[in-house]
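Subject: Structure for you to look through

Dear colleague,

I am passing on the structure we spoke about, together with some notes on what was found in it. Please keep it open beside this message as you read.

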Amino acid sequence: MKKYALPVFIISVLLSFVIVYVYCSESRKGKSVSVDLSVVPALVSDSDTVSRSIEATEVPSEAELQKTSFAENIHEIRNDELDAISEKHEAVGVQCAVIENGFVTGSYVYGTADRENEKAVTRNTKYRVASLSKLFTDMICMRLVDKGLVALDDDISEYYGFSVRNPAYPDTPITARMLMTHTASVADGRLFDISLDNASSIPINQLLTDRSTFFAYKPGSAHSYSNLSNALVGSVCELASGMCFEDLAQSLFLDPLQLDGGYLPVSVENAEEIGVLYDGDSAVKPLLSTRFHPVLGQTVHLTQGNLIISATDYAQLLCVLLNDGCAADGTRLLSKKSVAELLRVQFNNGGELIGLGSFIYEGAVEDRTVYAHTGSAYGMYACFVFDPAAADGVVVLTSGARYETDPQTGIYSICKELIRALMPD
């Protein structure tokens, strides 16, 4: 039998090639051949990529694959209805981004980014986006949760090295979750207002032991929107990681996503593209803190409103949430568990549903349940809305528009009208 061993082996190998060839041919003809490329999320490290299970009949075309590149294949939207909305609200400049099926697909711009230098708004104009910064701050915090550096329900005193308590409730710990949901009973008090002129003027231990920094209710029992509350999220992130928050933003999200932005002007690579904010017709100069960190955890005027970014780049951040924590190329930036936590209803404030970094509206856009956050400061009226079920959304940034709000949702009227016009069906 030994003399037949080699021929039998050769025939077996040839038959294997024939089977593989037939298998591949059938796949190319469009017959249903399952190709499982999925990766178990629990085994994915920070640097791994995640591939989706696909059917051979559903292999994306080259045009569809281009959607996965960060800024390519975004079409410019030109629409008389959108221009009419911008003109109606007397906006100086408008910039919008549209998300469909988890990818940024469209961009709309209107008006002027810098009147003095006669610069029009472009897709690459960057604006200080006010309180839209807060969701990104919370995403960064959840990245540190993934790394085991922050625990949402631990006493934040452990990070500061001194007791952080509402004086009226000395036995009740304040946690990062409370800060992120504005339920920590932290107020924008007297010292916080004084420190607006100089981000390092009030030591944080003094700020956190001043009675005016706290509301009268027990931490965790009620909701009061607070800029300082979110600023403290950034402070905790610095202390937990040993890195200044701006470096965390760059290294954890902006650099991997190849986005041009940051919480400080010096971090914006193309700083000449930072748009001027207008309050009506008057140009205003936002508070833009310098890169100054006397002690990690001391800076409290960046994370709550100072993010400088374009609408399309901000939309890329939302896409991370709409793709289970992955970038468009598959790189995992947040665990699925953290994405679920960011999107979970954390607190019901008398019917107002609060997540981490966003508010949850039922029926605000058609009959959808959407996640949204508004932002306003120095003439900026902004809003993002996204629908996780459909994986689509809209980001709106405006400068110089009239102040009006929708009585049902509290969303700025110009933003709501643009969102309704742009939101994918």
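A residue counts as buried when its relative accessible area is under 20%, and as partly exposed when the value lies between that and 50%. Alanine 130, at 3% relative accessibility, is therefore a buried residue. Please bear in mind throughout that this is a predicted model.

Alanine 130 belongs to the loop that runs between β7 (127–128) and α4, and although it is not a glycine, its phi is positive, at about 55°. Tyrosine 378, in the loop between β14 and β15, also has a positive phi without being a glycine, with a value near 60°. The relative accessible area of tyrosine 378 is 34%, so this residue is partly exposed.

Turning to the whole chain, you will find 13 helices and 16 strands in its secondary structure. The protein chain has 425 residues, of which 52% count as buried. Among its contacts with a separation of 6 or more, 66% join residues that are 24 or more positions apart.

How many residues does the largest nonpolar core have? There are 85 in it, and Phe136, Tyr314 and Val395 are the ones with the most contacts inside this core. Helix α11 (residues 311–322) supplies the largest share of the core, namely nine residues. Another core, of 26 residues, lies apart from the largest one, and its members include Val94, Tyr110, Leu418 and Met423. As background, nonpolar side chains in soluble globular proteins tend to be buried together.

Valine 395 is a good residue to select on your screen. If neighbours within four places in sequence are left aside, its contacts include Tyr314, Ala311, Ala315 and Leu318, as well as Leu132, Cys383 and Phe384.

Next comes a pair of helices. Two packed helices are described by the angle between their axes and the distance between the axes. Here the axes of helix α4 (residues 133–146) and helix α12 (residues 336–343) come within 10 Å and cross at roughly 140°. Because oblique covers the angles that are neither under 35 degrees, nor over 145, nor from 65 to 115, α4 and α12 are oblique to each other. Their crossing is right-handed, and it is Asp138, Met139, Met142 and Asp146 of α4 that meet Ser338, Glu341 and Leu342 of α12 in the contact. Sorted by class, the residues of this contact are three nonpolar, one polar and three charged.

On α12, the buried residues are Ser338, Val339, Glu341, Leu342 and Leu343, and these pack against α4, α6 (176–181), α11, β13 (359–362), β14 (369–377) and β15 (380–387).

Finally, two more loop residues deserve a look. Leucine 208 sits in the loop between α8 (204–207) and α9 (227–241), and it counts as buried because its relative accessibility is 1%. Not counting residues up to four places away in sequence, leucine 208 touches Tyr160, Phe162, Val164, Arg165, Phe214 and Leu232. Valine 164 is 44 residues from leucine 208 along the chain, while their C-alpha atoms are separated by 6.3 Å. Glycine 363, in the loop between β13 and β14, is partly exposed, with a relative accessible area of 39%. Its C-alpha atom is separated by 9.9 Å from that of threonine 409, which lies 46 residues away along the chain.

With best wishes

Note on methods
Residues are numbered from 1 along each chain as its sequence is written. This is a predicted model: local features need pLDDT of at least 70, side-chain atom pairs count only at pLDDT 80 or more; totals for chains, interfaces and linings use all residues. Side-chain values use heavy atoms; hydrogens and water are left out. Helices (H or I, at least four residues) and strands (E, at least two) are DSSP runs, numbered from the N terminus. Buried means under 20% relative accessible area, exposed over 50%, partly exposed in between (1.4 Å probe, protein chains only). Contact means heavy atoms within 4.5 Å. Axes are lines fitted to C-alpha atoms, for helices over the stretch in contact, and angles run from 0 to 180 degrees between N-to-C directions. A crossing is left-handed if the near helix is turned anticlockwise from the far one by less than a right angle, and right-handed if clockwise. Ala, Val, Leu, Ile, Met, Phe, Trp, Tyr, Cys and Pro count as nonpolar, Asp, Glu, Lys and Arg as charged, and the others, Gly among them, as polar. A nonpolar core is a set of buried Ala, Val, Leu, Ile, Met, Phe, Trp, Tyr and Cys residues joined through side-chain atoms within 4.5 Å.
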